[in-house]
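Colleague: I am new to this structure. Show it to me, and let me ask how you reach your conclusions.

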Amino acid sequence: MAIGVTNAPEKGRSSGSIINDPQVRGIFYQAITIIILAVLIYWIVDNTIENLRRANIASGYGFVRSRAGFDVGQSLIAFTSDSTYGRALLVGFVNTLVVAITGIVTATIIGFLVGIGRLSHNWIIAKLSLAYVEVFRNIPPLLVIFFWYSGVLAVLPQAREALTLPLNVFVSNRGVAFPRPIFGEGSEYTVLAFLIAVAASFLIARYANRQQAATGQRFPVLWTVLGLVIGLPLITFLATGAPLSFDVPIAGKFNLTGGSVVGPEFLSLYLALSFYTAAFIAEIVRAGIRGVSKGQTEAAHALGIRPRLTTRLVVVPQAMRIIIPPLTSQYLNLTKNSSLAIAVGYADLVAVGGTILNQTGQAIEVVSIWLIVYLTLSLATSLFMNWYNARMALVER
Amino acid sequence: MARRILTALVGAAVMGIGAHAASAATLDDVKAKGFIQCGVNTGLAGFSAPDASGNWTGFDVDYCKAVAAAVFGDASKVKYTPLSAKERFPALQSGEVDLLARNTTWSINRDTALGFNFRPVNYYDGQGFMVRKELNVKSALELSGAAVCVQTGTTTELNLADYFKSNNLQYNPVVFEKLEEVNAAYDAGRCDVYTTDQSGLYALRLTLSKPDDHMILPEIISKEPLAPAVRQGDDQWFDIVSWTHFALIQAEEFGITQANVEEMKKSTNPDVQRFLGVEADSKIGTDLGLTNEWAVNIIKAVGNYGEVFDRNIGTGSPLKIERGLNALWNKGGIQYAPPIR
């Protein structure tokens, strides 16, 4: 096609028969492909509609406004059996989001620690990290979830004989119960003070950078920021009369009542996904750091830069360029693996959707909702990571 | 389009088979092949499960045997088809089985849309609760604040939500997709309460690590009438299955047992004489399409309803289910046979 275009760009096609024109041929084959695709899609959709009609199955998304009639054990937003199916799906979505985000954060932290540990000169740390990676990388995630659920959390004491930790935290096979803070009148000022402190910290950091670039003088950023972020809200908190109380869990007839409870379903899924994905992240981190040529470190040392600064300013920024793209895949994997929640009864999007599917029989609609939500989540994660990657990428001048 | 044509063909084929099976007399078919093909549960302790030597035993299995005894005078002329919950209806619709005795709830949808005839109810079941004895709970109304294990996507889950809501009780549902997962979670103490059909609870309790530590609460929060089912449109076969059940009930009411049935034939009570087919010119059995010995054969094969119940799921079995609603009508239950005359 390209040859024809370069030979006679303004004419649009070369001399000779129209059949031999590469451009016409290209358009022809693409049109054929599109037509086949369109017919195929039409056939699938028409077939589905016809079969649904034949089986007397009502279709459409109207069911999301009907009363759900069932309860959900773990919900961060208000939900009762009188709520709608749509609300139930939202509960599932929020639960998926929570386990994905907390899992990603934890997996990243563990992954970086283990990945750096594998490069350690300390033999024990290096071998322990290696063992960690090989164990968790080679076990299916479902088994890791069962390990945490049945092997660790289920053997904890019964709720009535819960282990009592400091600060009124109770651990039992029903999960971890801890005091729930109740914010009283005026606590919004403390939050406001915290936000102001964070904003101020950013400005100070920028000022310090500019100051250093201009004069070479370093401003003690860390201590100032710490003082601001902790001190300012603390002073506000005390000044407004410490408007905070706690709802402490108390042993009830069956369970601990009051306080907040994180159930074993969430914990096992969260821990399993974090530990499993961390094994892969560790390898990515190791590869990233190894991928930075040794000459870079040596050059930095030759310039008299201290080892710690060399790592922070020379090695890590270059390693990040190698790490970020595969890291994105791991984040996507973790999000999608969270649908294994169904095995331990965590009310994620798939578990709640499955219940709705069973109760309403709206299989196609529920499955399409799953597809769209996971696709959206994954694309959003990708977009964010691509943006971050672009920021970290080598700036070529 | 090919798919649509295929669907249509399969649909037509199924309809054809259904129509054929409905029009043919099942009794004649059964007599011709010499045995009854009976659909049973793949394994539910007390209802239908193979024993150590591979013979099917249980409450539902005894119903298959009773019908075989009524038809052939020989309870062994039964072949069993173990069916899962999903397989059971197509198996009966297609004529693969002659009789479905598989702890199946009678509902209007199954009676009409699926084209079956249910009746009579041989076991009145309902959703119940199981708890640990150490909790000292005597009633489901004391369960506020409990964690409840339940299988997801079932009517059980909906009944549970409705019951706790209407009684203003708080609870924390712990839901799983598979029955085995619910069992394991309850056994591990993840929840305080297990809810499903009450007969299922009794069967399940046997599989727990310490069955005696658990008790089943008296409350029943839903109606689950379990009944044998046959295809719609064959009234003769439907009558035979129905009256086999009523004969079992009537035998218990008369006090006729497997042991004393021969002796009872000499009874001077005209009702008993008529029932056992020893009355002069009796036509009850032949009107059913069977012999006049039909009731005697049933009782000889499996005993009366009370004996069937006790042996498989009642006091004489490991399940130890109380008669409750399944006691005779004159003993506080609702098992009742129309007059056999």
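Modeller: Start with a definition. A residue is exposed if 12 or fewer other C-beta atoms lie within 10 Å of its own, buried if 20 or more do, and partly exposed in between. Keep in mind that this is a predicted model.

Colleague: What makes B:N136 exposed?

Modeller: B:N136 has 9 other C-beta atoms within 10 Å. The cut-off for exposed is 12 or fewer. So B:N136 counts as exposed. This residue sits in the loop between β8 and β9 of chain B.

Colleague: What is notable about the phi of B:N136?

Modeller: Its phi is positive, about 60°, although B:N136 is not a glycine. Most residues other than glycine have a negative phi.

Colleague: And B:K320, why is that one called partly exposed?

Modeller: B:K320 has 16 C-beta neighbours inside 10 Å. Partly exposed lies between the 12 or fewer of exposed and the 20 or more of buried. So B:K320 is partly exposed. B:K320 lies in the segment after α14 (305-312) of chain B. Its phi is also positive, about 50°, and it is not a glycine.

Colleague: How do you know whether B:A185 is buried or exposed?

Modeller: Count again. B:A185 has 25 C-beta neighbours inside 10 Å. Buried needs 20 or more. So B:A185 is buried. Its place is in helix α7 (residues 179-187) of chain B.

Colleague: Which residues is B:A185 in contact with, beyond four places in sequence?

Modeller: B:C149, B:V174, B:F176, B:R190 and B:C191. Take B:C149: it is 36 residues away along the chain, yet the two C-alpha atoms are separated by 7.4 Å.

Colleague: What makes α9 of chain B largely enclosed?

Modeller: Of its 20 residues, 14 are buried, so the rest of the structure largely encloses α9(B).

Colleague: How do you know that the length of α9(B) fits a helix?

Modeller: The helix covers residues 235-254, and at 1.5 Å a residue it should span 28 Å. Its end C-alpha atoms are 27 Å apart, which agrees. Right after α9(B) comes B:G255, with a positive phi near 80°.

Colleague: How does the span of α6(B) compare with what is expected?

Modeller: α6(B) has 12 residues and reaches 16 Å from first C-alpha to last, close to the 16 Å expected. Its buried residues are B:T156, B:E157, B:N159, B:L160, B:A161, B:Y163 and B:F164. They pack against β8 (127-132), β9, β10 and β11 (193-197) of chain B. Just after α6(B), B:N168 has a positive phi of about 60°.

Colleague: Now chain A. Why is chain A called more spread out than a compact globule?

Modeller: Chain A has 12 helices and 8 strands. Its radius of gyration is 29 Å, and the globule rule gives 21 Å for 397 residues. The value is well over the rule, so chain A is more spread out than a compact globule. Its C-alpha atoms fill a box of roughly 90 × 75 × 45 Å along the principal axes. Buried residues make up 27% of chain A.

Colleague: Which residues touch the most other members of the largest nonpolar core?

Modeller: B:C64, B:V67 and B:I298, in a core of 150 residues. Helix α8 (residues 264-290) of chain A gives the most to this core, with 15 residues. A second, separate core has 8 residues, among them A:A162 and A:F178.

Colleague: How many residues does each chain bring to the contact between them?

Modeller: Chain B brings 22 and chain A brings 23. On the chain B side, β10(B) has the largest share, 5 residues. That side has 9 nonpolar, 6 polar and 7 charged residues.

Colleague: What confidence scores come with the model?

Modeller: The ipTM is 0.71 and the pTM is 0.71. For chain B the mean pLDDT is 86, and 91% of its residues reach 70 or more. Residues 1-23 of chain B stay under 50.

Terms used:
Residues are numbered from 1 along each chain as its sequence is written. Chains are lettered from A and ligands numbered from 1 in the order in which they are written. This is a predicted model: local features need pLDDT of at least 70, side-chain atom pairs count only at pLDDT 80 or more; totals for chains, interfaces and linings use all residues. Helices (H or I, at least four residues) and strands (E, at least two) are DSSP runs, numbered from the N terminus. The radius of gyration is taken over C-alpha atoms; the globule rule is 2.2 Å times the number of residues to the power 0.38. pLDDT is the predictor's confidence in each residue, from 0 to 100. Two residues are in contact if their C-beta atoms, placed from the backbone, lie within 7 Å. Ala, Val, Leu, Ile, Met, Phe, Trp, Tyr, Cys and Pro count as nonpolar, Asp, Glu, Lys and Arg as charged, and the others, Gly among them, as polar. The expected span of a helix is 1.5 Å times one less than its number of residues. A nonpolar core is a set of buried Ala, Val, Leu, Ile, Met, Phe, Trp, Tyr and Cys residues joined through C-beta atoms within 7 Å.
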